[in-house]
Amino acid sequence: MLSSRQRVFEALYSVGAAALKRSNRLSRSLHTSSVLAHQMFDRIPQPHSFPLIPKNHEFDAIEAFRTQLHLGMPQNIDEIAVSRALKGCRGDPKLGCQIHAFAIASGLDSFLTVCNSLMNMYFKSANFDMGLCIFEGMSCPDIVSWNTVLSGSQDSASAFRLAVRMNEFGVGFDAVTCTTVLSFCSISEEFLFGLQTHCLIAKRGLGCDVFVGNSLMSFYFKWRWVEDGKRVFDEMPNRDFVSWNAVISGYAQDGNHGHEAIRSFLEMAREGMMLDHVSFTGVVSACGHEVQLEAGKQIHGLALKRGCGAHVSVGNVLISMYSKCEAVDDAKLVFEKMCERNVVSWTTMISIDDEAAVSLYKYMLADGVSPNDVTFIGLIHAISNQSLVKEGSMVHGHCTKAGFLSELNVCNSFVTMYAKFEFMAEAVKVFEEISYREIETWNTLISGYAQNGMSQESVEAFYSAMRVSRPTQYTFGSVLNAIADAEAISLQHGQICHSYIIKIGFSLDPIVCGALLDMYAKRGDISEAQKVFNELSHRSQFSYTGIISAYASHGDLNSVMTLFNQMEEEGVRPDSITFLSVLALCGRLGMVDLGHKIYDTMLRGHKIEPSPEHYSCMVDMLGRAGRLKEAELFVSRIPGGPGLSVLQSLLGSCRTHKNVGMGERVADQLIGMEPTESGSYVLMSNLYAENGEWEKAAKVRRAMREQGVRKEIGFSWVDVGGGGIDDSLRLHGFSSSDMSHPRSGDICYMASFVDYEMKVFESERVSFLLTNTPGTAEDRQT
C-alpha cells in the first residue's frame, strides 16, 4: 500500500511525463518541466531504505531522521543515519539527547561510529562529563574515539593526561592526535610536552603530513622559537597556503623578523599560492614593525587587487601600519573607507588620534560597537595626554557602569591619568579599590607620586610594594627618580635600592643603570656614579649625559670634556641636556671661548635649537666674565625675546659688576613679566645697597611689601643618621634663624658647643705651628 504522499508524487510525475510524450518539439520550457518531474520522482521516499544524504548536509540528515520516525519506519534508521543526524545537532544538545535516547532504545549505541558521534556532539555542546562517560563505557575505543575525547578536553592538563594514557595503552598517535596535542601545547606552559610530541612525530614518520607540519610551525612560532619553526617549514615536502601563512604570521608576531616575513610573503606570491586575508594581515603587520611605509603601500594595493582589502582584519592592520609609519592621514583614510568596523578598528583609531579620541569613542557607541578593556586603556591615555579632566571623569563613570574596573590594566590607567592631572588623592582612591594588585599597579602609584613631587610617599609606596611583589626595572626606575629629585630624602634609600638591584639581578639593565647613575649624580656621589657608568655594557645618550652632568655640577672641566669627546668618538649624539651641562660649567669657570665653541657645535654641528636654558647659560657666562654689553647684545638677538631665566642671569651679572644702569633696565623688564617674583626685587635691592644707594634700596623693599611679594626662604637639610629606614626617610630641614624644630634649644646649644670646639682646635693648631716652625722668635712674630 502506498501512502497518500507517495500517490501525490506519482501523479505529479505522470502528468509531467504525459505532457512530454505529447510534445513534438523539445522546447526549453518543456525540458524544464521534465527536469522538475524527475526531481519530484527522486524525492519520493523509498519504503525500505534511508535516503542518501550528500556530505556536509547534516541538517538534511536530521530532517530525514524525523521523516522516518513520522512515517513509522524506525527500522530504516541504521548506525550511519544516527551518526549523520548527530553531526547536525551542533548547538542543540536537547535534540542530541533525544537522538541518544533513540540510539539506546534501538540498540544502535553499541556501534562504534554512533558512540564516537555521541561523544563529539556532547563535547561540542560543552557537556564534557557526558562525553567522557560514553568514552569510559566503550569496550574497544578506536583512534577516532581517543581523538574525539582529546579534542573535547576542557584544559591542557586533562588533554596531556589523556595523551599519556593513549601512549600507555599502546594506541598509536595519528596526524589528528598530534595536531590536537600541539594545539594544547601552544596555549599552555607545557613546552617540553610539545618537544616530545615532535620527537614522536619524527619517529612515526608523520612529519610529511601537511596538517602536522602546520601545527608544528604554529607551536614553535608561538613560543618564539623562530628558527625551529622555519626549519619545520623548510623540511615540509608539501605546503599549502596555511603553511605559508603560518611562517609569515610567525615572523611578524615575533617582532624581530619583519624583513623575513616580507620576503616569505613575496616568495609565496611568486609560487602562485592563494593569498587570503591571513596572508595580508601578517605581512602588513611586519611592515608596521619594520616601519616599511613604501612596502606597506604596495602590499595595500595588492590586497585591494586580490579583493582582500575590504576584510576587517586587513583594514585593522593597515591602520596600525600607517600609524607606526607616522602616516596618520593614510590611517584615517583606511578607517573611513572600511565597510565593516569592529572593536579593534575603533580602538586602533582611538589609540593613534589623541585629539579625536573622545569623539571617536562616542561615534563607536553610536555605531553599536561595545568597547573592551583595550579601548578604555587607549582612550584614558589620550585623555591624560590632553589633560581633559571632565572627559576623564566621564570615562571613569562609563567604566564603573560597564564593569570594566575589574580589569587591572584599566584601573592602572586611571591611576596614571589622575596622577597626570595632579589629583593624587583620586589616584590613591582608585589604587585602594583594587582588590588584587600586581607590580604594575604599584609602579603606577610610585611613578605618580614621583611625578607630583611627593618623593617621600613614592619611597614609602616602594617599600610597601617590596613586601608583596617582586619589583621590575620600572619600579626601581621610578623610585630612584624620586630619590634623585628629593633633597629631603636621605641618600641611604638610594643605596638600599642599589643593594636590592644587585640582589635581584638588575645591575646590568639599561633602565635601572641609567636611573642609578642619575640618582648618584644628582645627589652628589660622583664616585658611585662613575662606578655605575663604568659597569655599563652599552653607554647610551642618557648615561653619558648623566655622568657629564655629574662632573659638571662638581666643576670638573677636564672630566667633562674627556667624556664629551669620548661620547662623540663612540658615535653617541649629545642632546640638548648634554650641551646645557657643559655650557653651565663653562660659565661657572669663566671659559668664554670654550663656551662659544660648544654653543656653535650645538647649533651648527648637531642642529639643536637652543632653549631658554641654553640662552640663560650663555648670558650667565658672558656676564660672569664682565662682558655685559656683549651679554645684553646677545639677549636682544634671542628669537621671540628673552625669557625670565635669561633676564635673571643678566641681572645677577649686573649686580656682580655693579652696573646699576643696565640692572635697572633689566629689572624693569623682569618685574613687568613677573611682578610677584621675589628674585628681581632682591637682586635690585642688593645692587643699590652695594653701591651705597640706600634710598633706592629701601624703595625696592617697600615696593615688595606693597605688592605682597615675599622672599623665598632657602632651606638646608641634615641627615642625622638614625638607626632605621623610617628615621632617614625625611631629613631635618632648617633655614636661617629657624626655631621651628621642637628641640631647637638643644640644637643651638650643640651648635655653639661645636663652634667653641672648632675655635679651640684652630687656636691649638696655630700655636703648634708657631712653636715647631724653625726661625727666631722675631721671625715667628713677624
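A residue is called partly exposed when its relative accessible area falls between the buried limit, under 20%, and the exposed limit, over 50%. K658, at 47%, therefore lands in the partly exposed class. The structure looked at here is a predicted model, and K658 also stands out for its backbone: phi is near 55°, a positive value in a residue other than glycine. Most residues other than glycine have a negative phi. As for its setting, K658 sits in the loop that runs between helix 38 (644-656) and helix 39 (660-673).

R224 makes a similar entry in the backbone list, with a positive phi near 65°, again in a residue other than glycine. Here the loop is the one between helix 12 (210-222) and helix 13 (226-235). With a relative accessibility of 49%, R224 counts as partly exposed.

Turning to charge pairing, a search of the whole structure turns up 15 salt bridges. Side chains of opposite charge can pair when their charged atoms come close. Helix 13 holds one such pair, K230 and D234, which lie four residues apart, or about one turn of the helix. Their side chains meet at 2.7 Å, N to O. D234 is partly exposed, its relative accessible area being 43%.

Helix 43 (residues 744-772) has a pair with this kind of spacing: K759 and D755 are four residues apart, so about one helical turn separates them. The closest N and O atoms of this salt bridge are 3.4 Å apart. On the accessibility side, K759 counts as exposed at 54%, while D755 is partly exposed at 37%.

The bridge between R655 and E690, at 2.8 Å from N to O, is another story. This pair links distant parts of the chain, with R655 in helix 38 and E690 in helix 40 (residues 678-690), 35 residues apart. R655 has a relative accessible area of 29%, so it is partly exposed; E690, at 37%, is partly exposed too. Beyond simple pairs, D485, D518 and K522 are tied together in a network of salt bridges.

Finally, there is some charge without a bridging partner. K699, R701, R702 and R705 form a positive surface patch, and residues in such patches have over 30% relative accessible area and no salt bridge. One of the four, R702, is found in helix 41 (residues 694-707). R702 has a relative accessible area of 41%, so it clears that patch cut-off while still being classed as partly exposed.

Note on methods:
Residues are numbered from 1 along each chain as its sequence is written. This is a predicted model: local features need pLDDT of at least 70, side-chain atom pairs count only at pLDDT 80 or more; totals for chains, interfaces and linings use all residues. Side-chain values use heavy atoms; hydrogens and water are left out. Patches are made of residues with over 30% relative accessible area and no salt bridge: like charges are joined within 9 Å, nonpolar side chains (Val, Leu, Ile, Met, Phe, Trp, Tyr) within 5 Å. Accessible areas come from the Shrake-Rupley method with a 1.4 Å probe; for residues, only the protein chains shown count as cover. A salt bridge is a side-chain nitrogen of Lys or Arg within 4 Å of a carboxyl oxygen of Asp or Glu. Lys and Arg count as positive and Asp and Glu as negative; His and the chain ends are not counted. The place of a charge is taken as NZ of Lys, CZ of Arg, CG of Asp or CD of Glu. Helices (H or I, at least four residues) and strands (E, at least two) are DSSP runs, numbered from the N terminus. Buried means under 20% relative accessible area, exposed over 50%, partly exposed in between (1.4 Å probe, protein chains only).
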